[in-house]
Each structure stands twice: as structure tokens, then as C-alpha cells.
Amino acid sequence: MDAFAQAWRVLEQHHQDTRHILLRDRFACEPDRFDRMHERLGGMLFDYSKNRLGEDTLQLLCNLAEAAGLGRKIYDLRTGAKVNGSENRAALHTALRLPDDVEMVCADGKNVLPEIRRELNRALDFARSLDDGSYQGITGKRITDFVHIGIGGSYLGPAMCVQALYPFRRHIGVHFAANADPACLDAVLCRLNPETTVFCVASKSFKTPETLLNAQAVKAWYGGAGFSEQEAAHHFCAVSADTAAAAAFGIAPERVFAMYDWVGGRYSVWSPVGLPVMVAVGGACFRELSAGAHVMDRHFFSTPPRHNIPVLMALIAVWYNNFQNADGQTAVPYSHNLRLLPAWLNQLDMESLGKSRTSDGSPAACKTGGIVFGGEGVDCQHAYFQLLHQGTRLIPCDFIVPMTAQGREDERGRFVVANAFAQAEALMKGKTSDEARAELAGLPETERERLAPHKEFPGNRPSNSILIDRLSPYNLGMLMAAYEHKTFVQGVIWNINPFDQWGVEYGKQLAKTIGGELQHGASAHDSSTEGLMAFYRECRLKGGGAA
């Protein structure tokens, strides 16, 4: 048996030996538990004490990481090795946020930092020209609105950051169009003036169908407003790894900003894909966002696993996923402006880790990525928290809580923070049958006995609390980088590649085929798919439209 299999076997036995220990009992017996089980970095505090584990568990999980070769894999990530094996690429999103005093990071034997800095500076300069009015619309009017057209990683990260940093916004309204459903883009266009709007087409390949369909619809919108193609082109910019395709679309080279094949879409907000963030909050805030991420990078690259925030986040997730049969986790930001964070995490984790093959193509020997979902606290307490507290499933929770509100600071801010702390405590402690009966002491005995089982909470439900002193660009960067690295570490433990997404690509291929068949009528699919296509044509004909 190799070292990894042995470490795994030891953890399986350890779970069996400790599964009876309740969290409320651990806290009762360990007065220093919080002191030993939290980490701080800058304005962030990561509390993992409300988890079903002890120091012995943590040591065994660190042994598992060592047996998986985590130290070497982290070095490979940092230095530009081809950690994306199926596509034969590096994954150098951390290089995008390096400070200027770092001189070299190589991919394929080439120092990539000069190109990174050139493209980032070009994007920042363009954002500044929109902000200060030096770049104007074709009719000479100042730009008032910026629309980012992208989907997936080219949309979720920028949209989440723009929303999270809303109090830092500058002059230009920033909007997003992702879905190819016409209602998405139409809802944006109806509020805009074509003379004062700039559109950014963000697609790594410049072949993403949803993005190109929306970009063509914008061209048509300009045509309907009386603008020629040349005039409309003045209102477009692009971010792509295929700069030639962007130029062929009609976008001037000086407004095409390069991204790189060694940056996955879901890791790309730090590149010129972050242009809407630059426009929304300005270059200084964007650089603070990157600086915060870099601080988390340094922590991740240099801190031993036992005190390494992203490594601990990942190992705890593995503990529940593989040894306690949890099917996923929830993330709950107690911040209105962080309400898009769960959607960003959903893609980051599930697109990265939803793999059933290991890095060498063999079947995965264990359960890999789980279901990640979330909602905005306090709202989701009135929705799915019932399942967390009294349901039959184990669903670990991340509470993400800024300590100061971004709006008016009054009792509402304290109420939100108090609810986050209370929910974490309630999940951990639960409520025993005796405690439930004591709450009902004023009722007749028969009524008390009838209601007590319904008011009992099993407790022992785990959570992490990730606190930040305030929701700033710097702290947001740290938070995002922590989750990026957590995802990478889980991939290392499971021996899967977190940087490809072939399942997404397959669906795109089928959609392209079916799209043509919906229009022209030919098909050769299973009976269900053909029946669905027939119903589509029937509905289109009834509505008077062409199929």
C-alpha cells in the first residue's frame, strides 16, 4: 500500500473512531479550541473551530496532503509548470497579480510578466480614458455606460466584483449581458443611449456562441439606430486570447486586450477580463483587489499546511466529502453587496472539480467535487436554512461576514452580524429534547410532549466563519484567492485537473448541431430529443414565426 492509500485508510478508521464525538462536547472540554483553530491574515479571520474534528484529525489530513505531493504541486503552480495536463498548459492566474518588483515568471520558457503588465496597463489606460472623458462616442458625447458581454468565467467574476465594490463606484454605469435569451440583453439596451455606451466582448476563444450572438445583436441595435458598421465599431472593445478573431469582428486593435491560454475563464478577473471592474471602481481599486489576492498567494505558497488558510479550507472540505458522506456545501455571505459570491463560487468549485477521471485519464477512485450553493444572509435563513438545521443531510456551511456594513451603519448592521454568529452557533450546538421541553414548560404535559420533538435540533452541524473587517477591494481579493487555492488543493488530493472543463465543451458542440436542426428540420437523435425539437417547431409555427 502506498503512502497516500495508507493515509486515506487511517482517516477512514479515524472517522469511525471519532464519529460519536459531538461539537458541543468538544467545546465544553476544550476551552482553548477557538484559539487553536482560527487563523488571521490582514483584515481576515478564518474560524474553523466549529468543525467535526480535533487536532488529531487535522494532523491526519495534513499527512494526506503531504502524501498527495501537495508541496510539489504548489511549487509547480507557482512556477509555471503545466499543471493543466489535459490541455498541456500552465495555470498562471497568480502571475496576473504579482507586484512590479517581481521580474520573472516563465511559461514555456518565456518570461510572461512583460506581456501581462503591458496588457493590464493598456486595459487600465482605456478604463481611465472612459472615466476622464478623453475617449468619447462617435458623435463626440462623453461615455456614460459600459456593457460587458461575456458568460461563465468571463462574466461571473467581474459581475461579482463590480457588485461587491459598489460603494467604490466612479462615474460610468457598468452593466452585464451574459444569457443568450434576448430578454437579457434587451433589458440592458432599453436603458441605454447608443451614442454614450461602450460594449466589451469578452471571450477567451472569441467563439463562445452566447457572447457572439449578443455582440451581433448589439451591432444590429446600432444599425437600427442609424449607425454604420464603422461608426458602431467605435463603441466596441474586446478581451480575448484570439486577438485576430476580435479584429475580424471589426474591433480596432488598440481596443483589443489580450488574455492568455494559461488563464482559465473562472480565474481571469485579474486579467483584462476585469476591465468592467476597472471601469466601475477605477484603476487604484483594481490594483488593491489584485494586491489582496497576492497577499493570499504569498500566504498559500509559504505557510505550512496546519496554518495555511486555503489548505485548511480544502482539507476540511475533503474530510466531509470523502469521509462523512456530505454531498456538498453552502456559502452564505452576510452582505447584500456580496450576494453574487455564491454564484461565482458555484462555477469556481463545480466546473473545476466536477470530474470523474484523474489527471492520467483513469477513473477517479473516490468521490470528487460536490454541490456548491448559497444565498444572501439574512434572506436565506428564511429559505433553505430549515434543511441545514433539521434536515437529514450533512451540509457544511461557510459564513462570510464583513464586520462593518457598506451602507448606513446602524442597528441593522449589528443585526446582520448577530444573525451570522447565531446561526453558526445554533448549527453547532443544536437543541436537545430536554432543552426543547424546558422551553415549553408553560404548556400542559401532553402538549409539551407533542411539540418537543419538532423543536429538537440535532446540532453537530459544521461551519467555517470567514470574517473580514470590511468589504474593501483588498479584502475581496484575499477572499477570492483563498477560494481559488482551496479549489486547487482539493484537485491535488483527488488527483484531478481543476483547470479544464471538457463537460462544458461537449454540451456546446451538441447545441451547435441542434441549433441548426431546429431551423432546418433534419435530426437524428434519440426519441426524447426529437420529440422536444418537434414541439419547438410546433410552437414556433403557432406563433407565426419561422422555426
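## Starting point

Helices and strands here are DSSP runs, helices of at least four residues and strands of at least two, numbered from the N terminus. With those labels in hand, welcome to a short tour of this structure, which is a predicted model.

## The largest cavity

Let us begin inside the protein, where there are three cavities of 30 Å³ or more. The largest cavity has a volume of about 220 Å³. It is lined by 25 residues, and those closest to its centre are Ala317, Gly328, Gln329, Lys486 and Gln490.

Which elements each supply at least two residues of this lining? They are the helices α14 (309-323), α15 and α20 (473-494), together with the strands β10 (328-333), β11 (371-374), β12 (397-402) and β13. Helix α14 provides the largest share of the lining, with five residues.

## The largest pocket

The largest pocket has a volume of about 1,100 Å³. Its lining is made of 40 residues, of which Ser205, Thr208, Val504, Glu505 and Lys508 are closest to the centre.

Four helices are worth finding on the structure here: α7 (153-164), α9, α15 (341-353) and α21 (502-520) each give at least two residues to the lining of the largest pocket. Which helix gives the most? That is α21, with seven residues. Helix α15 appears in both places, as it supplies at least two residues to the lining of the largest pocket and at least two to that of the largest cavity.

## A helix with a buried face

Next, look at helix α8, which spans residues 182-189. Leu185, Val188 and Leu189 are buried in this helix. Seen down the axis of α8, the buried residues fall within an arc of 100°, so they line one face of the helix.

What do these buried residues pack against? Their partners are the strands β5 (145-149), β6 (173-177) and β7 (197-202), along with helix α9 (209-224). Helix α9 is also one of the elements that supply at least two residues to the lining of the largest pocket.

## A hairpin and a serine that touches it

Strands β1 (residues 38-41) and β2 (residues 44-47) pair in the antiparallel sense, over four bridges. They form a hairpin with two residues between them, and glycine 42 in the turn has a positive phi of about 60°. Within this pairing, arginine 40 has leucine 45 of β2 as its bridge partner.

Leucine 45 has another neighbour in serine 465, which touches Leu45, Phe46, Asp47, Phe399 and Ala424, leaving aside residues up to four places away in sequence. Serine 465 sits in strand β13 (residues 463-468). It counts as buried because its relative accessibility is 9%, and the cut-off for buried is under 20%.

## A buried glycine

Glycine 413 lies in helix α17 (residues 411-429). Is this glycine buried or exposed? At 16% relative accessibility, it counts as buried. Its C-alpha atom is 11 Å from that of histidine 336, although the two residues are 77 apart along the chain.

## Cysteines without disulfides

How many disulfides does the structure hold? The number is zero. Take cysteine 62: the closest cysteine sulfur, in cysteine 366, is 18 Å from its own, so the two are too far apart for a bond. Cysteine 62 is buried, with a relative accessible area of 10%.

Cysteine 161 is in no disulfide either, and the nearest cysteine sulfur, that of cysteine 285, is 12 Å away. Cysteine 161 is buried as well, with a relative accessible area of 0%.

Conventions:
Residues numbered from 1 in each chain as written. Predicted model: local features only at pLDDT ≥ 70, side-chain atom pairs only at ≥ 80, totals over all residues. Heavy atoms only, no water. Buried < 20%, exposed > 50% of the residue type's maximum accessible area, 1.4 Å probe, protein only. Arc of directions from axis to C-beta. Contact = heavy atoms within 4.5 Å. Pairing = 2+ DSSP bridges. Disulfide = S-S within 2.5 Å. 1 Å grid on protein atoms, 1.4 Å probe; cavity = no way out; pocket = protein on both sides within 12 Å on 5 of 7 lines; lining within 4 Å. Points joined across faces, edges and corners; volume = space filled by probe spheres on them.
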